[in-house]
Every structure is written in C-alpha cells, then in structure tokens.
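Please examine the structure shown below. The explanation that follows proceeds from the chain as a whole to one strand and its partners.

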Amino acid sequence: MTKARLRVHLIRSHLIVMVVGLISFIVISKVASHHLFSLHLDTLEDAGVLIQETELIVFESFQKAWNSSTFWALFVGVGATIVLSGRISQRIVRPLVKMERISRQFASGDFAERVPSSNIAELAQLGTSFNRLALTLEDVEQRRRDLIGDLTHELRTPLTILRCHLEDALNSQSSLSLKTGEMMLRETRRLERLVNDLQELSKAESGHLSFNFHPLDLRPLIGDLVGRFSSQLLDEGPTLELDYPPHLPAVLADRDRTEQILVNLLSNAIRHTSQGSIKLRVWTNPKEVWISVEDTGCGMAPNEVPLVFERFWRSPQSRKKHKKGTGIGLAITKRLVELQGGQIQVESKLGQGSIFRFSLPIA
C-alpha cells in the first residue's frame, strides 16, 4: 500500500476541517433560518407592512437564494482551501524535504550543508537540532579518520623496525645480536602496550569495564604510590611532594581503577617535568574528595588544553622529547574518573607546568 505524502495529508486535513465547518454552519442555519426569517416577517407585519399575500413567494425566493449561496460557499471555500493549503503545506514541507536530501548527503559522507532557519518556531527548532546533529556527526567522522591515521602511524614505526631487522637477519643468515634482540623486544612491548591501551579505552568508552565499588581509604594507596614513584626520580630531577589533610574520609571507588588514574597522572607529570617539583595534593568538600597532581614541567599552550583528553593526542613538546607514549593514557584516565562518578579538570600554562585534578564521591 502506497503511503500518502505529508503535503497530501496536510491538504486533506485542511479540507476536512473546512468541510466539517461549512456543513455544521449549513445544517444549523438550515434549521434556524426559516424560523428566524418567519419571526422577522411577523415583526414587519406588526409594524404595518402588508406582506401576507406575498409570504410564500418571499419564502421561495429566500430558499433559492439560500441554496445558491450554499453552493457558491462550498465551491469558493473548497477552492480557497486547496490553494491556501497547498501554499502552507509547501512552506512546511520544503525544509523537511531539504532535511531528507541533506541526510542522504550525510550518509554518503558529505557533512557540509546545513538546514536554513525557518519562520515556523517548531521547524526552526527542528532545523537547529538537525544542524547540531550534523556538527556532531562531522566531529565523530573526523575523530574516526584521525583515530585511523594516528593508529596507523603508531603501528607502522615498530612494525617497520621489526620487519627490517628480521629481513636483515634472514638475508645475512646470521643470528640476531643481543642489542638487536633487546631493541626488537622493546618495540614488541611498545606494540603490546598500544594494543592493551586501545582495548582498555574501548572497554571504558563502551561502559564494559568492571568496577568493584567499596569504601576506599586513600591514605595507604597514595602513600604507596608516592614511595614507589619517589624511588624512580633521579637526584637532578624533580621532587615529589605530598599534601593532604590529617583526616581524610573514605571514598566510594574501585581501588585498582583509582590506582590506575593516579599512576597515569603521576607518570604523565614525571614524563613532562625535568626539574622543579611534582605535588600530589588532596582536599575535601561535603560531597567529594579532590586529588590534584601539580607539576612545574613544560606545560601546554591555551589552544592545546582542550585537546589533552583526546585519543592519540600528544603535545608537540611531548612528541619531540618522548617517543614511548601512546597518547591514550589520559583518555582512559578521564573515562575511569567519570565511570566512578567523578569529574576531571586540567589547567596548564606553557613553560610553567600543568595541574590535573579529579574528584571521587565520599562513601
């Protein structure tokens, strides 16, 4: 069964409304007009007008005039309704047709066109939502392309290194040297780390990570991490400081995931801070415990700060100094914080350092 188009539905609905209105008018008038007309004639007779002999002729003339006017009222009303309904429905349907055409362009990968504004409030609101959806889809598509490009770049380097050394060993028919073996092992671990990070990020973004929520005392966890990272710092490197209140309430969180967050943030701070200090600070408010990692490292430019939690994004300073990072750690960190009911924020100034802080709900 063929479905009628919206424009046909609109015209049909206008016709139905108009016809129902006219029929109601005609039926009511038909019933009441004779009685009212007769009363009017009686009033004229009481006033001295002699119309008794011509009363039948008057009624017949009135009936003919009424029937004729009814026909023309229906004819003109239907015609006017068709014309006006056609124009109004065209005005309503035009932006919807354009949305349908633009949606087909979206399906083919073209996100350039937008729906123009409409004078009809509902259509204007729909157009705004449609354009907002287009921007979101365009952003998602760009992220997908960037992800594929970055992933290809990250995988190509270690795979190329491994392939070249294996080909050299096979062509020369010699055994691998210890140095070459160590290098290949390092690149293999880099690939493994990248794959593990991608898997972890995929689970985090899809909400498939498992969490074991329970009241967690942060003091032992933070103390253990500070001791562990302090032993990794060189004498000429940054100092690691700890600042937290004497009474710290327990938070409702997963211990392993919270440790993962802190490890990612501390590792990031150490990687970008060659001198100065790294401070791990803890404070509370009535509903949350906040933890910040503050460093005096290279920092970021203002236009780089909004990108810091994007997948595979790394600042130019980081790409120059550090080759091992995958650019996924902070994206995972952000998702782990959000999945535990917290929020994460960042402040940074180029050449002065960065502050990463996140919250966890009090148990």
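The chain contains 8 helices and 7 strands in this predicted model. Of its 363 residues, 33% count as buried. The area that the chain exposes amounts to about 22400 Å², and carbon and sulfur atoms supply 59% of that area. Among the contacts in the chain with a separation of 6 or more, 70% are made by residues 24 or more positions apart.

Attention may now turn to strand β7, which spans residues 353-361. This strand is mostly covered, with 7 of its 9 residues buried; a residue is called buried here when its relative accessible area is under 20%.

Strand β7 pairs with strand β5, residues 288-295, in the antiparallel sense, and 7 bridges link the two. Within this pairing, the reader can locate Glu294 opposite Ile355 of β7.

Strand β7 is also joined to strand β6, residues 344-349. These two strands likewise run antiparallel, with 6 bridges between them. Here Phe356 in β7 is the bridge partner of Val346. The connection between β6 and β7 is a hairpin with 3 residues between the strands. Gly351 lies in the turn and has a positive phi of about 85°.

Taken together, β7 is a mostly covered strand that pairs antiparallel with β5 and antiparallel with β6. On the β5 side, Ile355 stands opposite Glu294, whereas on the β6 side Phe356 is partnered by Val346.

Technical notes. Residues numbered from 1 in each chain as written. Predicted model: local features only at pLDDT ≥ 70, side-chain atom pairs only at ≥ 80, totals over all residues. Heavy atoms only, no water. Buried < 20%, exposed > 50% of the residue type's maximum accessible area, 1.4 Å probe, protein only. Helix = DSSP H or I, 4+ residues; strand = E, 2+ residues; numbered from the N terminus. Pairing = 2+ DSSP bridges. Contact = heavy atoms within 4.5 Å. Areas by Shrake-Rupley, 256 points an atom, 1.4 Å probe, with all protein chains shown as cover.
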